[in-house]
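Visitor: I would like to understand how statements about a protein model are justified. Could you take me through a few of them, with the reasoning behind each?

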Amino acid sequence: MLVDDEKLLRAGMRSILASEPDIEVPVVCEGRQAVEMATLHRPDVVLLDIRMPDTDGISVLISLLALAEPPVVAMLTTFSADEDISAALRAGASGFLVKDTVPDELASAVRILASGGTVLSPSVADSVVDGYLRGGGRGMPDARLASLTDRERDVLTLLAQGRSNAEIGRALLLSVATAKDHVSAILTKLGAANRVQAAVLAHHFGLVGLEPEHTPATAPTRLT
């Protein structure tokens with residue numbers, strides 16, 4: 001579901017996404033209709049404008065996440081230094097995309113969100129990191145990174161790439177349950193409320209763009 005006050009932008013993004021064989025866009029709407037439409041259509045992913053004239057994007061985000069079966073919500077922003085970014089991060093947004101994201105990256109972002117990953121446009125990354133640190137995310141970040149085991153650091157590196165638990169498990173030859181346990185431990189050690197906050201800290205730690213240091217070279221031998 002696309003929620004934005006600009007009709008032309010909504011139409012353009014809907015056209016781009018609907019052209020993908022694995023993505024459906026059943027509804028586009030303005031902010032004041034978002035909760036009603038989400039309740040009716042039950043989308044897996046919502047792309048939500050962070051600033052709208054008819055309603056507050058952060059309030060809409062909070063209402064969407066309070067639904068009995070909440071969608072994954074990523075915020076759309078025009079300004080890379082938008083002060084509302086830190087508020088959306090603390091409220092539980094699963095990602096941040098600039099509105100001029102190229103078509104291929106937009107579709108890829110939706111797939112990542114639907115699979116349980118996180119997305120963060122490079123142009124807003126610094127603003128999100130700064131906003132998170134200002135909003136209570138600071139506190140000896142280097143010590144928090146040092147508290148992670150080698151395996152947890154590898155998991156965090158992949159999480160920051162937007163990988164889901166299943167994708168992390170495949171990359172590191174772990175079960176999905178084990179990958180999930182590692183993510184939970186990482187969130188606890190970093191003091192992060194959700195995956196996107198952990199991804200933001202990974203940006204701060206300089207892990208983005210790196211490859212895991214301890215990825216198994218080959219699959220384990222299976223005995224039959």
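Visitor: Which helices are included in what covers the buried residues of H9?

Guide: In this predicted model, the cover over the buried residues of H9 includes helix H8 (150-159), helix H10 (176-190) and helix H11 (195-205).

Visitor: Which residues of helix H9 are buried, and why are they said to line one face of the helix?

Guide: Helix H9 spans residues 165-172, and its buried residues are Asn 165, Ile 168, Gly 169 and Leu 172. Looking down the axis of H9, one finds these buried residues within an arc of 100°, and therefore they line one face of the helix. Just after H9, Leu 173 takes a positive phi of about 60°.

Visitor: Why is Arg 195 said to have no salt bridge?

Guide: Arg 195, which is found in helix H11, is buried, and the nearest side chain of opposite charge, that of Glu 167, is 7.3 Å away. A salt bridge requires a side-chain nitrogen of Lys or Arg within 4 Å of a carboxyl oxygen of Asp or Glu, so Arg 195, at 7.3 Å from Glu 167, has none.

Visitor: What makes the approach of Arg 195 to the backbone oxygen of Gly 116 close enough in distance for a polar contact?

Guide: A polar atom of the Arg 195 side chain lies 3.2 Å from that backbone oxygen, and the cut-off for such a pair is within 3.5 Å, so the distance meets the limit. Leaving aside neighbours within four places in sequence, the residues in contact with Arg 195 include Gly 116, Thr 118 and Leu 159, as well as Asn 165 and Ile 168.

Methods
Residues are numbered from 1 along each chain as its sequence is written. This is a predicted model: local features need pLDDT of at least 70, side-chain atom pairs count only at pLDDT 80 or more; totals for chains, interfaces and linings use all residues. Side-chain values use heavy atoms; hydrogens and water are left out. Buried means under 20% relative accessible area, exposed over 50%, partly exposed in between (1.4 Å probe, protein chains only). Helices (H or I, at least four residues) and strands (E, at least two) are DSSP runs, numbered from the N terminus. The arc is that of the directions from the helix axis to the C-beta atoms. Contact means heavy atoms within 4.5 Å. Lys and Arg count as positive and Asp and Glu as negative; His and the chain ends are not counted. A polar contact is a pair of N or O atoms within 3.5 Å; within protein, one must be able to donate a hydrogen and the other to accept it, and residues adjacent in sequence count only if both atoms are side-chain atoms.
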